[in-house]
Amino acid sequence: MSVVHTTAASQDACYISLLGLAEYFRTSQPPNIKKCIQCLQALFTFQPPSKVEARTHLQMGQVLMAYTCNIELARRHLEQAWNIAEPLMNFDDVKFDTASLLAQLHLKTEQGSHAKAMLRRAVELSQNNVYWHCKLLLQLSQIHANDREYSLASDLLAVGAESAEEAGATYLKVLFLLSRAMILMIERKTNDVLALLNSAGQIIDNNIPNPHQKEYLKVFFLVLQVCYYLALGQVKTVKPSLKQLQMSIQTIMAPNWPSDESIFGGNQLEMFVWLPKEQLYVLVYLVTVSHSMMAGYMDKAQKYTEKALTQIEKLKLQEDKSILSVFKVILLEHIVMCRMVMGNRELAIREIAAARDVCLAVPHRNLLKRHSAQLHCLIGLYSMSTSFFEHAERQFLVCVNETTERDLKLFANLNLAIIYLRTKREADLKQILDAVSTENTHTYSSQALMGGFYYVQGLHAFHKNSFHEAKRFLRETLKMANAEDLNRLTSCSLVLLSHVFLSIGNSKESMNMVTPAMQLASKIPDIHVQLWGSAILKDLHRMSKDAQHEKEAYANHVKYSENLIADQRKCVQSAHHELVNWFQGNPPVTSNTSLNPSVAVATTEASTSAIQTPQQPAAQYGQFY
């Protein structure tokens, strides 16, 4: 009997020694992964007990996944670990860690259905272990959300909230509630989002005793609240929440704030963090950029974008997390629109190319799949602003066909309507306006986009010389824009209204509209409204025989026009301009070398002739960003 005991003890000593040696090689500087794997492999020669064997297969899988490209061998070890561990009782950590890793591996090899099946089985087995049950539910709901299976993701998060409540884990319950609110927001289930946010907000205020966890939940809550208002186009309403969010993130980023590990390391059911504070910091910049862009504060949007991009590069040097690439693409999408409003289209196409590069750099092109429609939309806006209308039309149509997002679809359709207006395609224009009207009149909730829809109808009525109808639509736009401080929409509507009054000979009302339009446009700054407004001012001063002011307005008009023409020349000389011809598949890789200058000048003259014609500014600058 003692001989058996001695043999078992010596075997245990061997296991411990080999595991210790494997860990020594793994943590050496630099790591010696080959010897680490050899030590783990040697364990199997001793025919270890099931639990030791399963744990060793798991460790082999972990090492192979983290340090090698041998995915197939990692998968075999993890599957062996799972097969051994699945029926064993009181072996949760190895069992569920293996399931979680196997699911990650299946996703890497684009086998999403295998990952979901693996996690569903693990979720079923983990019902008596709240920590693992909740962790696996979060992982599975994330995969469903990534595959746009939002109702399945939402159901799983609801189960997680119930499990956390039954376990008395209030912090974890709020995380599930807020995660579910985020999914419902994507689904545009506005009322459900509000109810969940209200419920979560009350718990955060009254039932989270730990002040540090409370602040983290508050940031998550406020990010969602700000995004909720911005999705509704409520730029003015969101300001108090945004200010509160900015104050909260300053608190969390203060030097005396404890580390994430010390805040969330005490209790297993509190080891869940939505995002670490460094990523939250970037996210707050991102929603601030979104607000500035929508409110028409382009300088602010640029300033915050630069700060956020600098922060992202710092974090990438520490650890290149995939979410940082997502943040970077979204920031670039925003700044591209700012550049175009300000007339810097050559910078815009450079930044579209930068966004494309980020998308192409992410493994399996997942980011490109998610952002392809947005990239086509941005290239459509760029093509439209450089008067490449055929390219713009095709880009917007690709965007509409690729996206399932209602906002993006409406945005692209409104710009398509303006192209049809400018190219005098009345039948196509009527068809698109009717479709937008039917789809959105009663159900659509974004104030900004609906204001944009009324603006396009006003522009259409103006072109038909239906001036009374144009005024009616534009007053509706102004009402919506003024209510929520949508400055760019306000300035566009005012300058078009001014043109309407000029066309019917009411110079006094025309001046009353164009003056605030120009003031707003210079604050934004919006070169297109300034060009348009300066042409109207020139005509108004000529009518009132004010030669001095007419001369000033004309000089301004020439200045804006020359700036746009110079920028246009740079655009068509840029190699990135070739992106206007990307309509399917992966976007072409372009390097920023100049094209033949003689070709570029010829193209510029053809495509900017409208910019040089002050008599028709209204046909020109109806464009949404």
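The second largest cavity of this predicted model has a volume of about 60 Å³. Its lining consists of Tyr171, Leu175, Tyr216, Leu217, Phe220, Phe264, Val273, Trp274, Leu275 and Leu280. Two elements, α9 and α11, give two or more residues to this lining, and α11 contributes the most, with three residues. By class, the lining of the second largest cavity comprises ten nonpolar residues, with no polar and no charged ones.

Across the whole structure, four cavities of 30 Å³ or more are found. The largest cavity holds about 70 Å³ of space and is lined by Leu184, Met185, Arg188, Lys189, Thr190, Val193, Tyr228, Ala231 and Leu232. At least two lining residues of the largest cavity come from each of α9 (170-186), α10 (190-207) and α11 (211-231).

The table sets out the two cavities by volume and lining class.

| Cavity | Volume | Nonpolar lining residues | Polar lining residues | Charged lining residues |
|---|---|---|---|---|
| Largest cavity | about 70 Å³ | six residues | one residue | two residues |
| Second largest cavity | about 60 Å³ | ten residues | no residues | no residues |

Helix α19 (residues 389-402) forms a separate topic. Its 14 residues should span 20 Å at 1.5 Å a residue, and the end C-alpha atoms are 20 Å apart, which agrees. Within α19, the buried residues are Ala392, Glu393, Gln395, Phe396, Val398, Cys399 and Val400. These buried residues of α19 pack against α18 (366-385) and α20 (406-422).

Conventions. Residues are numbered from 1 along each chain as its sequence is written. This is a predicted model: local features need pLDDT of at least 70, side-chain atom pairs count only at pLDDT 80 or more; totals for chains, interfaces and linings use all residues. Side-chain values use heavy atoms; hydrogens and water are left out. Helices (H or I, at least four residues) and strands (E, at least two) are DSSP runs, numbered from the N terminus. The expected span of a helix is 1.5 Å times one less than its number of residues. Buried means under 20% relative accessible area, exposed over 50%, partly exposed in between (1.4 Å probe, protein chains only). Contact means heavy atoms within 4.5 Å. On a 1 Å grid over the protein atoms alone, a cavity is a set of points where a 1.4 Å probe fits but cannot get out, and a pocket is an open set with protein on both sides within 12 Å along at least five of seven lines; lining residues have an atom within 4 Å of a point. Grid points are joined across faces, edges and corners, and a volume is the space filled by probe spheres set on the points. Ala, Val, Leu, Ile, Met, Phe, Trp, Tyr, Cys and Pro count as nonpolar, Asp, Glu, Lys and Arg as charged, and the others, Gly among them, as polar.
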